[in-house]
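The following exercises concern packing, helix geometry and cysteines. Each task is followed by a worked solution.

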Amino acid sequence: MITITVWSDFACPYCYIGETRLDQAIEQLEMTDKVKIDYRAFELDPTAPKEVVSTTPERFAMKYRLSLADAEKQIEHISELGREVGIDFRYATTRYSNTFDAHRLMKLAEAKYDYATVQRLNHLLFDAYFTRNLVLADAAVLEAVAKEAGIDEKDVKDLLAGNAYADDVRFDEREAGMRGVRGVPYMVFNGDFAVPGALTIDGMKSALERAERRVKEAEKAAAETGERPHVCGPDGCQLL
């Protein structure tokens, strides 16, 4: 089994594009049963407000010191990259807000639900932001998205009423900081090698094939020495 640890944020366009390319590479290589993705939290802007206070073109122009027209061109270019992999990408009209509770919701799913539900929720949160242009800091939005993913309504209401899984999100972010991660997506394959940024589908395929080769090499070496192979990742090492 190949474990890919992915740090990302639901307000990050390249994260959605990169994870979609990864999913398509896995499918094209017929490796669905050989790969597990470990989703990790990373807020692009932990200080982002819960209320929408500006448009995406305005914020983009200010952040990168561009004219509004140039910002709109860059946003459209990124949106086209998303559309190339089948996403109805509507970056220009996204409603930017804090994503901390969305990450807490993912931690709830990982703790209490199966992997298919976690994957579904991850996709739906990106879709909510980039296609449906919903406000991810809004409790009603998170409740509706969670319900669509198959998560119990009471679990979500209890989560949003308190601070559950806040420490888990902060742990992910501290770990990213210790690894020197400054931008996302950031992917680590089997704790062996890192892939920063949204590679092309072919690039993702190459990374997957490299990871698979490394696993087979470890298994072969183990067979020759009589020792069980192991892989090391963010949570430590495990025997294969």
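**Exercise 1.** Leaving aside its neighbours within four places in sequence, with which residues is Ile4 in contact?

*Solution.* The model is predicted. Once the neighbours within four places in sequence are set aside, the contacts of Ile4 are Leu22, Val35, Lys36, Ile37, Asp38, Met187, Val188, Phe189 and Leu208. Next, place Ile4 in the largest nonpolar core, which has 66 residues. Ile4 is listed there among the residues with the most contacts inside the core, together with Leu105, Leu121, Leu125, Phe189 and Leu208. Helix H5 (residues 115-130) gives the most to this core, namely eight residues. As a general background, nonpolar side chains in soluble globular proteins tend to be buried together.

**Exercise 2.** Determine the span of helix H8 from its first C-alpha to its last, and identify its buried residues.

*Solution.* Helix H8 covers residues 166-178, 13 residues in total. Its end-to-end C-alpha distance is 19 Å, close to the 18 Å expected at 1.5 Å a residue. The buried residues of H8 are Ala166, Val169, Asp172, Glu173, Glu175 and Ala176. Their cover includes strand E1 (2-8), strand E2 (35-41) and helix H4 (100-112). Just after H8, Gly180 adopts a positive phi of about 80°.

**Exercise 3.** State how many disulfides a search of the whole structure finds, and classify Cys12 and Cys15 as buried or exposed.

*Solution.* The search returns zero disulfides. The cut-off for burial is under 20% relative accessible area. Cys12 has 4% and is therefore buried; Cys15, at 0%, is likewise buried.

Definitions and conventions. Residues numbered from 1 in each chain as written. Predicted model: local features only at pLDDT ≥ 70, side-chain atom pairs only at ≥ 80, totals over all residues. Heavy atoms only, no water. Core = buried A, V, L, I, M, F, W, Y, C linked by side-chain atoms within 4.5 Å. Buried < 20%, exposed > 50% of the residue type's maximum accessible area, 1.4 Å probe, protein only. Helix = DSSP H or I, 4+ residues; strand = E, 2+ residues; numbered from the N terminus. Contact = heavy atoms within 4.5 Å. Expected span 1.5 Å × (residues − 1). Disulfide = S-S within 2.5 Å.
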